[in-house]
Amino acid sequence: MPPMPEGVKEGILRGLYRYLPAPDGDFTYRARVLASGTAMLAALEARDLLAEHHDVAAEVWSATSYKALREDALSAERWNRLHPTEAPRAPWVAQSLGSNGGPVVAVTDYMKMVPDQIARWAPGPFIPLGTDGYGFSDVRAALRRHFETDAAHIVVAALSGLAQQGEIKSEVVAEAIRRYDIDTEGTDPREA
């Protein structure tokens, strides 16, 4: 087994670390994708698709504990509230992600409310993707498509976040929806 990369241990223990930097190159746009477990595979594929087809350099972050990230952020808020004359503390999620990396897409095999725990402390548009709703028995690829957590939906979410920021036009998002054959009139998984 290779040695643990420098600085990763703290992130693992605190709930978030950069798993893979943005690809090298001269990209116009930036995004961050948070994932864990088997959702990491879709995040890595989305990173490649964003770079290859959409001029977006996306970092992939491993979210080891949304609960730990939320507790850290609440502690920072409390400390800041009770120490108004001191320099404010920043939550680990905000420190880690920084403020100028584009939208944050958080994909999980759990319900969206799991990553949503950190939404208010994450910079930029925060778009959670999760398995809310009713599933069915099928292969993993079909389930990811059904729950809108596959690479295509991660790409569209990142582009949607860039459109929310005014970085790209909504037509770019619509083109990606067509490219990845996403059924915009399909049943919402929460209602299936």
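Reader: With which residue does Arg144 form a salt bridge, and how far apart are the closest N and O atoms?

Author: Side chains of opposite charge can pair when their charged atoms come close. Here a salt bridge is a side-chain nitrogen of Lys or Arg within 4 Å of a carboxyl oxygen of Asp or Glu. Arg144 pairs with Asp109, with 2.9 Å between the closest N and O atoms. The two lie in distant parts of the chain, 35 residues apart: Arg144 in helix H6 (residues 140-147), Asp109 in the loop between E4 and helix H5 (113-116). Helices (H or I, at least four residues) and strands (E, at least two) are DSSP runs, numbered from the N terminus.

Reader: What kind of model is this, and what limits apply?

Author: The model is predicted: local features need pLDDT of at least 70, side-chain atom pairs count only at pLDDT 80 or more, and totals for chains, interfaces and linings use all residues. Residues are numbered from 1 along each chain as its sequence is written, and side-chain values use heavy atoms, leaving out hydrogens and water.

Reader: Is Arg144 buried or exposed?

Author: Burial is read from relative accessible area: buried is under 20%, exposed over 50%, partly exposed in between (1.4 Å probe, protein chains only). Arg144 has 10% and is buried, whereas its partner Asp109, at 33%, is partly exposed.

Reader: How many salt bridges does the structure hold?

Author: Eleven. One of them joins the side chains of Arg14 and Asp72, 3.2 Å from N to O. Arg14 belongs to helix H1 (residues 8-14) and Asp72 to helix H3 (residues 66-82), so this pair ties together parts 58 residues apart in sequence. Arg14 is partly exposed, at 27% relative accessible area.

Reader: Which residue meets Arg178 in a salt bridge?

Author: Glu175 does, with an N to O distance of 3.2 Å. Both are in helix H8, and because they are three residues apart, about one helical turn separates them. Arg178 is exposed at 55%, while Glu175 is partly exposed at 40%. Bridges can also share partners: Glu10, Arg14 and Asp72 are joined into one network in this way.

Reader: Which residues of the largest nonpolar core touch the most other members?

Author: A nonpolar core is a set of buried Ala, Val, Leu, Ile, Met, Phe, Trp, Tyr and Cys residues joined through side-chain atoms within 4.5 Å. The largest one has 31 residues, and Val107, Ile154 and Leu159 touch the most other members. Elements giving two or more residues to this core include strand E2 (29-35), helix H2 (39-54), strand E4 (104-107) and helix H7 (151-164). H7 gives the most, nine residues.

Reader: What is in contact with Val107, leaving aside neighbours within four places in sequence?

Author: Contact means heavy atoms within 4.5 Å. For Val107 the list is Val33, Leu34, Ala35, Ser36, Ala39, Ala43, Leu129, Thr149 and Ile154. Apart from the largest core lies another, of 16 residues, among them Tyr66, Trp92, Val104 and Ala106.

Reader: Which side chain does a polar contact join to that of His54?

Author: A polar contact is a pair of N or O atoms within 3.5 Å; within protein, one must be able to donate a hydrogen and the other to accept it, and residues adjacent in sequence count only if both atoms are side-chain atoms. The side chain of His54 is joined to that of Tyr180 at 2.8 Å. His54 lies in helix H2 and is buried, at 13%. Beyond four places in sequence, the residues it touches include Tyr29, Leu49, Val155, Leu159 and Ala176.

Reader: Which backbone nitrogen lies 3.0 Å from a polar atom of the Asp183 side chain?

Author: That of Glu185. The backbone nitrogen of Gly186 lies 3.2 Å from a polar atom of the same side chain, that of Asp183. Asp183 sits in the segment after H8 and is exposed, at 55%.

Reader: What is the sign of phi at Asp55?

Author: Positive, at about 60 degrees, although Asp55 is not a glycine. Asp55 is in the loop between H2 and E3 and is partly exposed, at 27%. Asp181 also has a positive phi, near 55 degrees. Asp181 lies in the segment after H8 and is exposed, at 64%.
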